[in-house]
Amino acid sequence: MLASALHSASPIRADYLLQMCPTAVVDLHCDLVGTLPILILPAPILPPLQTTCIQKLTHIYSGLLNLLRVATTHLPTLLPDLELITFSRKPSPFSTWSTHGVIPVRCHSHNDYWRHVPLHSALSAGCISVEADVWPWRDQILVGHSRFTVLRGTLERLYLEPLVEMLDLHNREKVEWVAIGSGGEIGDGDGDDIVGVFANDPKQTLVLLIDFKSDGELLWSLLSDALTPLRDRGYLTHFNGSGVVTRPVTIVTNGDISFSSLVRNTTYRDIFYDAPLDNLAQFPVNDTTTTITDQVSNDSNGQLTESPFNPNNSYYASVDFRKAIGPLQLGRLSETQLETLRDQVHAAHELGLKVRYWGNPSWPIGLRNSVWNVLVHEGVDVINTDDLRG
């Protein structure tokens with residue numbers, strides 16, 4: 001009888017049933033062991049011991065299913081280091097904005113050229129700042145971490161041309177829409193009506209931080225020429241001789257660049273400096289200029305009252321986290337480190353500059369997130385990251 005039931009069921013091995021309930025299958029012929037499947041024995045032929053065995057198996061399967069459900073629901077939260085599941089966002093088929101539905105966040109895409117799709121991956125994550133290392137090659141600006149790992153595309157192809165195309169599309173549609181609705185011109189001609197890259201916040205500027213790796217004077221000339229399409233369309237944030245006009249794209253430079261060259265033009269600038277956050281009171285080493293004052297003083301409270309850096313020539317104030325703050329003991333910032341961080345953030349904000357740290361911990365994920373929380377809480381303006389999923 002039991003053998004007949006085993007023949008008609010599926011799909012648990014009979015030897016497993018023997019291990020679970022040996023007394024229930026004592027009459028089972030040894031030739032059947034390991035060959036016959038069973039899942040549910042027909043009720044009319046089940047003795048009490050067999051019924052108990054099936055109940056045990058049912059409870060085991062039910063428990064395993066519940067465990068799997070709980071694990072898939074809570075494991076990514078309990079163990080963030082795993083980051084098991086990621087969801088890629090697809091553009092809306094009903095919008096011409098590639099950033100449709102993206103909420104801008106204070107994220108700086110460090111070494112953005114390492115992304116699957118440079119620029120676009122960062123924009124899809126909502127980053128308001130991206131970074132590219134550049135090298136001169138004849139009359140081109142190449143992008144890469146070193147001369148030997150440059151990408152096939154140039155700075156124009158990977159960043160500048162896509163931005164021009166995106167902004168042209170966004171602003172052309174705005175012009176066409178208003179023209180159809182009102183039959184007249186939009187705006188007052190001063191560029192205040194120009195929209196940016198983010199659909200959810202069209203006035204949010206996108207910072208393109210360009211790190212000059214070598215030959216700063218040559219790169220300066222090449223970059224200035226390469227920015228012409230953005231400049232001619234009024235898309236670049238610029239200093240007009242009296243103040244800063246914010247536009248969809250803000251160009252910031254650091255690395256092998258002369259601060260004197262940057263501030264030489266006193267009536268117009270659309271390339272800004274990344275000032276040294278840990279040394280805002282002095283000019284960069286081996287760099288002098290008479291364009292702006294180099295007199296630095298402090299008030300009675302020790303606060304910086306004059307500096308060569310201000311919003312008319314600089315945008316960021318940045319520094320290596322490891323150099324300025326130091327290694328973290330016990331996975332947290334000490335009181336001394338917190339005080340240093342607060343002093344640096346305050347000094348930069350007093351000058352009207354935005355704060356950025358690079359080289360902050362990236363692993364373990366729990367430590368990274370803890371440091372991020374501290375940086376946000378203390379007023380750091382953008383969070384430097386290599387992991388856009390974070």
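**Exercise 1.** Is Leu67 buried or exposed? Place the residue in its element and name the patch it belongs to.

*Solution.* The model is predicted.
- Step 1: Leu67 has a relative accessible area of 56%. The cut-off for exposed is over 50%, so Leu67 is exposed.
- Step 2: Helix H3, residues 48-78, contains Leu67.
- Step 3: Together with Ile60, Tyr61 and Leu64, Leu67 makes a nonpolar surface patch of about 400 Å².

**Exercise 2.** Describe the surroundings of Ser109, beginning with its element.

*Solution.*
- Step 1: Ser109 belongs to strand S3, which covers residues 105-109.
- Step 2: The relative accessible area of Ser109 is 0%. Buried means under 20%, so Ser109 is buried.
- Step 3: Leaving aside neighbours within four places in sequence, the contacts of Ser109 are Arg115, Ala122, Cys127, Ser129, Val130, Glu131, Thr385 and Leu388.
- Step 4: A polar contact of 2.7 Å joins the side chain of Ser109 to the side chain of Asp112.
- Step 5: Val382 is 273 residues from Ser109 along the chain, yet their C-alpha atoms are separated by 9.7 Å.

**Exercise 3.** Which residues that are not glycine have a positive phi in the loop between S3 and H4? State whether they are buried or exposed.

*Solution.*
- Step 1: Asn111 has a positive phi of about 50°, and Asn111 is in the loop between S3 and helix H4 (120-125).
- Step 2: Leu119 has a positive phi of about 75°, and Leu119 also lies in the loop between S3 and H4.
- Step 3: With a relative accessible area of 4%, Asn111 is buried.
- Step 4: Leu119, at 0% relative accessibility, is buried as well.

**Exercise 4.** How many salt bridges does the model contain? Examine the one between Asp274 and Arg356.

*Solution.*
- Step 1: The count is 12 salt bridges.
- Step 2: In the salt bridge of Asp274 with Arg356, the closest N and O atoms are 3.2 Å apart.
- Step 3: This pair links distant parts of the chain, since Asp274 is in strand S10 (residues 271-276) and Arg356 is in strand S12 (residues 354-358), 82 residues apart.
- Step 4: Asp274 is buried at a relative accessible area of 7%, and Arg356 is buried at 2%.
- Step 5: A network of salt bridges links Glu131, Asp274 and Arg356. Glu131 is also among the contacts of Ser109.

**Exercise 5.** Which residues form salt bridges with Asp387? Give the exposure of each residue involved.

*Solution.*
- Step 1: Asp387 forms a salt bridge with Arg368, with the closest N and O atoms 3.0 Å apart.
- Step 2: Asp387 lies in the segment after strand S13 (382-385), and Arg368 lies in helix H11 (residues 365-377), so this salt bridge ties together parts that are 19 residues apart in sequence.
- Step 3: Arg389 forms a salt bridge with Asp387 too, the closest N and O atoms being 3.5 Å apart.
- Step 4: Asp387 is buried, at a relative accessible area of 18%. Arg368 is buried, at 4%. Arg389 has a relative accessibility of 55% and counts as exposed.

**Exercise 6.** Where is Pro364 found, and what is the geometry of the peptide bond from Trp363 to Pro364?

*Solution.*
- Step 1: Pro364 is in the loop between S12 and H11.
- Step 2: The peptide bond from Trp363 to Pro364 has omega near -5° and is cis.

Key. Residues numbered from 1 in each chain as written. Predicted model: local features only at pLDDT ≥ 70, side-chain atom pairs only at ≥ 80, totals over all residues. Heavy atoms only, no water. Helix = DSSP H or I, 4+ residues; strand = E, 2+ residues; numbered from the N terminus. Buried < 20%, exposed > 50% of the residue type's maximum accessible area, 1.4 Å probe, protein only. Contact = heavy atoms within 4.5 Å. Polar contact = N/O pair within 3.5 Å; in protein donor to acceptor, adjacent residues only side chain to side chain. Patch = residues over 30% accessible without salt bridge, like charges linked within 9 Å, V, L, I, M, F, W, Y side chains within 5 Å. Areas by Shrake-Rupley, 256 points an atom, 1.4 Å probe, with all protein chains shown as cover. Salt bridge = Lys/Arg side-chain N within 4 Å of Asp/Glu carboxyl O.
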